[in-house]
Amino acid sequence: MTSRKITIMKKVLQFRQPAGTSRGVYTERTSWFIDLEEDGRHGIGECAPLPQLSCDDMPEDEYVARLRTFCDEYERVGEIDYHAMHNYPSMLFGLETAELSLRRGNALFDTPFSRGEEGIPINGLVWMGNFQEMMQRIEDKLSEGFHCIKLKVGAIDFDSELEMVKHIRSRFSFHDVELRLDANGGFNPDEALYRLELLSQYAIHSIEQPIACHNWGEMAELCRESPLPIALDEELIGVNTAEAKRQLLNIIKPRYIVLKPSLHGGMHGTREWVDIASDMNIGSWITSALESNVGLNAVANLAADIYGPNIRMPQGLGTGQLFTNNVPMPLAIRGERLWT
């Protein structure tokens, strides 16, 4: 008879520098690690809900109790109950990762990336800060060789953000540097279209979540009228059935969706989003959600399995150096690619 045991361990990760978004500034974040032991073998997964954002964000004692319930059921039957867990994506992602890790170690899927033969192209992420800080961060990313830069916008005054975009374009054409923007819902719906029109002068690849989520009518209108391609991110959180996903995408009709397995249904839900979006000619890419290297490794392996081999679109996987007390993992950024 198979013997299974799951141990849950809490870890508070410390940011090297405050990570600013339009929702606030992160200085630390909490993850729970699942250690799955089966007949002497171990697998590890990370459950990393984002406060005030994840659909399974809840008080710590409630979160641990719910996670323990799912782990107890897995210990008993040895299978993930996707129907029971689809509203708890960070827990599902952790358990999926632990199950795969038990079988395959760090190489969760058999891909050129997991075999160390191919790196995944990634964007260079520039966090919010004041004008001078952000300009320096942009310069740093460009000097490191990134050809896709993602800027967090919506927190400082818009004129300064527009000036930064203009400065980048004065030095690098869209042939040389792809610019992505992420507003994290920071634009007011009344001014969003005007701002997008101003930004569109500078050959922007896309802008994520220009207005707050749960405004489907206003977002659908923006997607119709915007000269900039719009990508949905926060809008997808809590939309966890195939029928609801099709309905959302059919109503809003974005150009892209940006998927974080910890937020958007674990590995199972992420694959479902990609398939449904692809059927509707909507593009997608995958990003991490401020997990440790355990979660980042899982997200990268999933992206390689879904989009590879020879991934062309940069993914959002450049978060492995954010923490002072990260978990050791054989991941490395060389140039603008993530390698294992």
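Start inside: the largest cavity of this predicted model holds about 260 Å³ of space. To find its middle, select Trp-127, Lys-150, Lys-152, Lys-260 and Ser-288, which come closest to the centre among the 24 residues of the lining. Now colour that whole lining by residue class, and you get nine nonpolar, eight polar and seven charged residues.

How many cavities of 30 Å³ or more are there? The structure has three, so let's hop to the next one.

**Second cavity**

The second largest cavity takes up about 50 Å³. Select Ile-44, Thr-97, Ser-101, Gly-105, Asn-106, Leu-108, Val-294, Asn-297 and Met-329 to show its lining. Which helices each give at least two residues to this wall? Show α3 (89-104) and α10 (293-307) as cartoon, and you have them. Colour this lining by class too: four residues are nonpolar, five are polar, and none is charged.

**Helix α7**

Next, select residues 216-225, which form helix α7, and show the side chains of Met-219, Ala-220, Leu-222 and Cys-223: these are the buried ones. Look down the axis and you'll see why they belong together: they span an arc of only 160 degrees, so they sit on the same side of α7. As a reminder, an α-helix has 3.6 residues a turn, so residues three or four places apart point the same way.

What do the buried residues of α7 pack against? Bring up α6 (189-199), β9 (230-232) and α8 (242-252), and there are the partners. Then spin the view to the face of α7 turned away from the buried side, where Gly-217 and Arg-224 are exposed.

**A three-strand sheet**

Now for some strands. Pick out β4, β13 and β12: they make an open sheet in the order β4-β13-β12, with antiparallel pairing. Its edges are β4 (120-121) and β12 (332-334), each of which pairs on one side only. Zoom in on β12 and β13 (residues 337-339), where three bridges join the two strands in the antiparallel sense. For one bridge, label Ile-333 and its partner in β13, Leu-338.

**Last stop: a loop glycine**

Finally, select Gly-145, in the loop between α4 (131-143) and β6 (148-152). Is this glycine buried, partly exposed or exposed? Its relative accessibility is 27%, so Gly-145 counts as partly exposed; the buried class would need a value under 20%. Before you close the viewer, draw a distance from the C-alpha of Gly-145 to the C-alpha of Ala-19: the two are 22 Å apart in space and 126 residues apart in sequence.

Notes
Residues numbered from 1 in each chain as written. Predicted model: local features only at pLDDT ≥ 70, side-chain atom pairs only at ≥ 80, totals over all residues. Heavy atoms only, no water. 1 Å grid on protein atoms, 1.4 Å probe; cavity = no way out; pocket = protein on both sides within 12 Å on 5 of 7 lines; lining within 4 Å. Nonpolar A, V, L, I, M, F, W, Y, C, P; charged D, E, K, R; others polar. Helix = DSSP H or I, 4+ residues; strand = E, 2+ residues; numbered from the N terminus. Buried < 20%, exposed > 50% of the residue type's maximum accessible area, 1.4 Å probe, protein only. Pairing = 2+ DSSP bridges. Arc of directions from axis to C-beta. Contact = heavy atoms within 4.5 Å.
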